[in-house]
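Colleague: Please take a close look at one buried acidic position and the charged pairs in this model. Keep it brisk.

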Amino acid sequence: MKTEKEKMIDGEYYLAGDPVLVKDRRRSKNLLHRLNVTEYRVTKKAREILKELIPNSGANLYIEPPFFCDYGYNISCGENVYFNVNCVVLDCAKVTIGSNVLFAPGVQLYTASHPLDAELRKTHENALPITIGNDCWIGGNSVICPGITIGNGCVIGAGSVVTKDIPDNSLAVGNPAKVIRKLNE
């Protein structure tokens with residue numbers, strides 16, 4: 001039988017109040033408090049906190065505090081990934097970020113979701129993975145919804161809400177985000 005954590009990562013309905021998940025979120029919140037309040041500036045100590053919080057990251061992960069996430073261990077980043085201030089990553093499922101990716105201020109990545117059925121929603125939630133390819137720029141205050149894949153070389157315009165996958169080398173804008181042109185062609 002799967003644990004609640006395994007169900008969460010696999011995109012199945014799970015109990016968020018499971019003691020293991022509560023403990024994991026508390027650990028993350030403690031690290032985030034140190035990053036966002038105690039250190040705040042990007043220092044050697046802040047980089048050590050990031051390595052502990054997001055152990056699956058390549059070289060040159062740079063996060064401008066404040067930054068928020070649920071677990072941290074479900075986020076994996078390639079090299080040269082930059083998060084500007086006030087970014088949120090609800091990483092109940094895997095969040096895979098390629099190399100050379102820029103996140104403008106206020107970007108939000110939501111893997112977390114909830115059942116549409118009201119009775120089930122009282123006790124359970126679920127999550128779907130997010131994947132962002134290499135060489136992307138996600139504009140300020142954009143929202144990436146659960147289960148989305150953004151291809152390589154994409155630009156997401158500021159304030160966009162991405163509800164559908166975005167193919168490689170696309171400029172997508174709006175709510176909901178729509179591809180308005182191909183890039184690099």
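Modeller: D24 counts as buried, because its relative accessibility is 13% and the cut-off for buried is under 20%. The model is predicted, so read every value here as computed from predicted atoms. D24 sits in helix α2, which spans residues 19–39. Set aside its neighbours within four places in sequence, and D24 is in contact with K5, D70, Y71 and Y73.

Follow one of those contacts, D70. D70 is also buried, at 14% relative accessibility. The D70 side chain meets that of K29 in a salt bridge, at 4.0 Å from N to O. The salt-bridge rule asks for within 4 Å. D70 belongs to the loop between β3 (67–69) and β4 (75–77), while K29 belongs to helix α2, so this pair ties together parts that lie 41 residues apart in sequence. K29 is partly exposed, because its relative accessibility is 40%, and that class falls between the limits of 20% and 50%. So the pair joins a buried aspartate to a partly exposed lysine. Helix α2 thus holds D24 as well as K29, and D70 is in contact with D24 and bridged to K29.

Now the other charged pairs. By this rule the model has 6 salt bridges. One of them joins D10 to K2, with the closest N and O atoms 2.8 Å apart. D10 is partly exposed at 46% relative accessible area. K2 is partly exposed too, at 34%. This pair does not stand alone: K2, D10 and E12 are linked in a network of salt bridges.

Another bridge is formed by E119 with K122. Their closest N and O atoms are 2.9 Å apart. E119 counts as exposed, because its relative accessibility is 54% and exposed means over 50%. K122 is exposed as well, with a relative accessible area of 61%.

Last, the annotation. An unreviewed UniProt entry lists residues 5–59 as "domain: Maltose/galactoside acetyltransferase". Over residues 5–59 the chain is 65% helix and 4% strand. The end C-alpha atoms of that stretch are 28 Å apart.

To return to the opening point: D24 is buried at 13%, lies in helix α2, and has K5, D70, Y71 and Y73 among its contacts.

Key. Residues numbered from 1 in each chain as written. Predicted model: local features only at pLDDT ≥ 70, side-chain atom pairs only at ≥ 80, totals over all residues. Heavy atoms only, no water. Helix = DSSP H or I, 4+ residues; strand = E, 2+ residues; numbered from the N terminus. Buried < 20%, exposed > 50% of the residue type's maximum accessible area, 1.4 Å probe, protein only. Contact = heavy atoms within 4.5 Å. UniProt positions renumbered as here; feature names shortened; annotations may be inferred.
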